[in-house]
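Student: Could we take a close look at one part of this protein together? I would like to understand how its aromatic side chains and its core are arranged.

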Amino acid sequence: MNTLTWKDFQTNLELYPELHLNFEYGENQTIFPNYHITEFKLAKIQSVDCGGKSDSWTEMILQVLEPTIEKDTESMTLSKVNSIVKKVTNVMEIPSNAILRVEFGNEQLAMRQYFVSEMVPGKNSLLFKLKNGKTECKASASCGLPKDVINFPKLEKSSSACCTPNQKENTNEKVGCC
């Protein structure tokens, strides 16, 4: 899945200031146009997968609040969003390659973070299509799991040294899934 970076986001804010920013989080489900941008959060993630490989990346999380009642109004223009972004970037440095995520929830949906999977320009608006991420095993080759596993297989008791409670601390044994 392609995801939007912070640089992509800023570029669109500057190129199309007159467009209104709208969000779609499900099929024909959009965030009310009278939404409020409540917060920007910078997350620096460091991880180690089950194969022992480390990774790191940065995410910029835009939190959107949907009021309980929809008002017949237009959503924010990209110019207005850009003025908010300028305040944010005066306070913190955001890497241009940070992945943009949108955090959102409402009365029917628990708050969660979405990827921006697609930007769809319209006559008067720019629509961000939000998509849930999915769990995947990054070390699938060493674990033996296919890349597109949806339901993980039942785990059997393993005799692998990495899962043995009496494992020696300083072994050079290759790490694998347990």
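Student: To start, over which ring does the charged end of Arg101 sit? After that, please take me through the aromatic residues and the core.

Tutor: Happy to! Keep in mind that this is a predicted model. The ring under the charged end of Arg101 belongs to Phe115, and the distance to the ring centre is 4.2 Å.

Now for the aromatic pairs, of which the structure holds six. One of them joins Trp6 and Phe40 edge-to-face, with 6.0 Å between centres and 85 degrees between planes. Because Trp6 belongs to helix α1 and Phe40 to strand β3, this pair ties together parts 34 residues apart in sequence. Trp6 is buried, at 1% relative accessible area, and Phe40 is buried too, at 9%. Phe23 and Tyr35 also pair: their ring centres are 5.2 Å apart and their planes lie at 80 degrees, so this pair is edge-to-face. Here strand β1 provides Phe23, while Tyr35 comes from the loop between β2 and β3, 12 residues away. Both Phe23 and Tyr35 are buried. Ring pairs link these four residues with Phe9 and Phe128 into a cluster.

That brings us to the core. The largest nonpolar core has 31 residues, and those touching the most other members include Trp6, Phe9, Phe23, Phe40 and Phe128. Among the elements that each supply at least two core residues are α1, β1 and β3, while α2 gives the most, with five. Phe9 is a good place to zoom in: beyond its neighbours within four places in sequence, Phe9 contacts Leu4, Leu62, Val81, Val85, Leu100 and Phe128.

Methods: Residues are numbered from 1 along each chain as its sequence is written. This is a predicted model: local features need pLDDT of at least 70, side-chain atom pairs count only at pLDDT 80 or more; totals for chains, interfaces and linings use all residues. Side-chain values use heavy atoms; hydrogens and water are left out. A nonpolar core is a set of buried Ala, Val, Leu, Ile, Met, Phe, Trp, Tyr and Cys residues joined through side-chain atoms within 4.5 Å. Buried means under 20% relative accessible area, exposed over 50%, partly exposed in between (1.4 Å probe, protein chains only). Helices (H or I, at least four residues) and strands (E, at least two) are DSSP runs, numbered from the N terminus. Contact means heavy atoms within 4.5 Å. Rings of Phe, Tyr and Trp (its six-membered ring) pair if their centres lie within 6.5 Å; planes under 30 degrees apart count as stacked, over 60 as edge-to-face and the rest as tilted. A charge sits over a ring if NZ of Lys or CZ of Arg is within 6 Å of the ring centre and within 35 degrees of the ring normal.
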